[in-house]
Amino acid sequence: MHMNYTKKLVWAGIIIGALLICAAGVFAFSLGKYEKIKANNGTVSIPVSRLSGDKVRFYRFDDGGKSIAFFVVKAPDGSYRTAFDACDVCYREKKGYEQQGNQMLCKNCNKKFAIDRIGPNSGGGCNPSFLPHQLSGGAITIKAADLKAGARFF
């Protein structure tokens, strides 16, 4: 009987250990979604060379204790699109978006938005909230003031 009890205890330990490792991996992965970025002379600069193909990149800009999240993605037409990782409707849930092919999916309401339509004329609803940027000299630049303007979402 002692052997059976020890065997059960060992298996319980293995299972608990595996669950803890999985939980830690999920937690670490969720924290890794955003790359921290800082402003220099009032602007944030992201080299286009760091953007891989049409895969979305998520960034976090910290401003006075407030983390402002945004993303950059290359649209099918070759242009770059920038938006806050939030929308006017679902931002309170703090779930943001994920990429599904040529679309961004709101992880709260599951609505999909074409990447090539993200821009100044696609505001309202669950559309990714537009973030103005400039493309010059092989880099995407965003004014820190524009990032700070989106602090209400976070």
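How exposed is Tyr34, and what is its relative accessible area? Tyr34 is partly exposed, with a relative accessible area of 25%. The cut-off for buried is under 20%, so Tyr34 does not count as buried. Keep that residue in mind. Please also remember that this is a predicted model.

Let's start with the sheet. Four strands make an open sheet. Their order is S1-S3-S4-S5, and the pairing is mixed. Which strands stand at the edges? They are S1, residues 34–37, and S5, residues 80–84. Each has a single partner strand, so one side of each has no neighbour in the sheet. From one strand to the next, the twist averages 30°.

Now S3 and S4. S3 covers residues 57–63, and S4 covers residues 66–74. These two strands run antiparallel and are paired over seven bridges. For a landmark, find Phe61: across from this residue, in S4, is Ile68.

Next, the aromatics. How many aromatic pairs does a search of the whole structure find? The search gives eight. Take Tyr34 with Phe58. Their ring centres are 5.9 Å apart. The planes meet at 85°, so this pair is edge-to-face. The cut-off for that class is over 60 degrees. This pair also links distant parts of the chain. Tyr34 sits in strand S1 and Phe58 in strand S3, 24 residues apart.

What about exposure for the partner? Phe58 has a relative accessible area of 10%, so this residue is buried. So the pair joins a partly exposed tyrosine to a buried phenylalanine.

A second pair is Phe84 with Phe153. Here the centres are 5.8 Å apart, with 50° between the planes, and the pair is tilted. Again, distant parts of the chain are linked. Phe84 belongs to strand S5. Phe153 lies in the segment after helix H2, which spans 144–149. The two are 69 residues apart. Both Phe84 and Phe153 are buried.

Back to Tyr34. One aromatic cluster is made of Tyr34, Phe58, Phe71 and Tyr97.

Last topic: the largest pocket. Its space comes to about 260 Å³. The lining has 18 residues. Which of them are closest to the centre? Tyr34 is there, along with Ala69, Asp85, Lys94 and Phe154. By type, the lining divides into nine nonpolar, six charged and three polar residues.

To wrap up on Tyr34: this residue pairs edge-to-face with Phe58, belongs to a cluster with Phe58, Phe71 and Tyr97, and is among the residues closest to the centre of the largest pocket.

Key: Residues numbered from 1 in each chain as written. Predicted model: local features only at pLDDT ≥ 70, side-chain atom pairs only at ≥ 80, totals over all residues. Heavy atoms only, no water. 1 Å grid on protein atoms, 1.4 Å probe; cavity = no way out; pocket = protein on both sides within 12 Å on 5 of 7 lines; lining within 4 Å. Points joined across faces, edges and corners; volume = space filled by probe spheres on them. Nonpolar A, V, L, I, M, F, W, Y, C, P; charged D, E, K, R; others polar. Pairing = 2+ DSSP bridges. Axes fitted to C-alpha atoms, helices over the stretch in contact; angles between N-to-C directions. Phe/Tyr/Trp six-rings, centres within 6.5 Å; stacked < 30°, edge-to-face > 60°. Buried < 20%, exposed > 50% of the residue type's maximum accessible area, 1.4 Å probe, protein only.
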